[in-house]
Amino acid sequence: MTQVYNFSSGPAMIPAEVLRRAEQELCNWHGLGTSVMEISHRSKEFIQVAEESEKDIRDLMNIPSNYKVLFCHGGARAQFAAIPMNLLGDKATADYIDGGYWAHSAVKEAQKYCTPNVIDITTTQGDKRALLPMSQWTLSKDAAYVHYCPNETIDGLAIDEMPDFGDKVIVADYSSTILSRPIDVSRFGIVYAGAQKNIGPAGLTLVIVRDDLLGKARKELPSILDYKVLADNDSMFNTPPTFAWYLSGMVFKWLKEQGGLQEMEKRNQAKAELLYHTIDSSNFYRNQVADANRSRMNVPFQLADSALDALFLKESVDAGLHALKGHRVVGGMRASIYNAMPLAGVQALTSFMTDFEKRHA
Ligand code: PMP
């Protein structure tokens, strides 16, 4: 079989070593004669998975002790509702930085619970899409918190600056860039992410929340979205997504073995540079994002002649390069190159792109 590299934006690649290990122990986990999916989340064996995974992600991200790590359901979209309902308190507004599709989706959900102050940071640099730097974000005084999305999965737009806004509560949707590089968690009130891109299988959502933000939820908030309820119950208020949690825990161990987030940052930088370089050095391909906002995780690109899109997609699949079709709102192609994508996968893609260009330019 041809080696397959999967460029899906999510659910996305999981490290091959992790999948192999899961396969080996699937039917007889820890000698129990059963799989991890079939045991109680309250069993001592699963509690060990839960505790180790929390310790490992705390180590990896250097999470300060005054933060809780919650293992939730519902994806990032559940958090679009949970965040205003947990954090607004008696305030009627929150600042929402709008830089792309997902930031905008968070605004639409928040409108059910408050009147978001929407701060449009989209701009252009020449003919490229760009986002205003944090120094130009005009925040309001009466906002309960500031929400932004550091990596727009669909648009391929990234905000890599670390926020520095005094005592404002900063909430960030890290769904498509968590664990791709070190970040300073202490700058945030909440960091959250759906698992299915850079953590593990779909079904699990991580919420890293500062202690002082717990216990302010509106009464009508469903208990399952209440951070205090989840924290008080060690993320086991109801049955958690145990298999996704277990597998994500294995990814955390894999990340530690690889050298942690510093090493991931180096690898991700090398992969992204190679791909952007291939795009920039040709007139056949183009990426429409200004340098400062280019995502290292999701690289959208267009063929100069979109009539070749279908052929590009067919031939790429034949070459073992899967899921390169761009999101329908942007069109063209998109290569998602999260932690689990090896450099060899990006090399295979760039060789294919160069070869395709030679044959069709
Ligand atoms: N935020 C971002 C940045 C995303 O990429 C996605 C999923 N593509 C979401 C939110 C929505 O996530 P979920 O499907 O887990 O609700």
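**Exercise 1. Find the domains of this predicted model and describe how they touch.**

Step 1. The protein splits into domain 1 (17-257) and domain 2 (259-360), with bounds that come from an automatic or database domain assignment. Residues are numbered from 1 along each chain as its sequence is written. Since you're looking at a predicted model, local features need pLDDT of at least 70 and side-chain atom pairs count only at pLDDT 80 or more, while totals for chains, interfaces and linings use all residues.

Step 2. Taken over C-alpha atoms, the centres of the two domains are 26 Å apart.

Step 3. Now the contact (C-beta atoms, placed from the backbone, within 7 Å): 24 residues of domain 1 and 24 residues of domain 2 take part.

Step 4. On the domain 1 side, β6 (128-131), β9 (157-158) and α6 (242-258) each supply at least two residues. Here helices (H or I, at least four residues) and strands (E, at least two) are DSSP runs, numbered from the N terminus. β6 gives the most, with four residues.

**Exercise 2. Work out which residues of helix α9 are buried and which are exposed.**

Step 1. Get your cut-offs: buried means 20 or more other C-beta atoms within 10 Å of the residue's own, exposed means 12 or fewer, and partly exposed is in between, with C-beta atoms placed from the backbone.

Step 2. The buried ones in α9 are G345, V346, L349, F352 and M353. Look down the axis of α9: these buried residues fall within an arc of 120° (using directions from the helix axis to the C-beta atoms), so they line one face of the helix.

Step 3. Flip to the other side of α9, and you'll find A344, D355, K358 and R359 exposed.

Technical notes
Contact = placed C-beta atoms within 7 Å.
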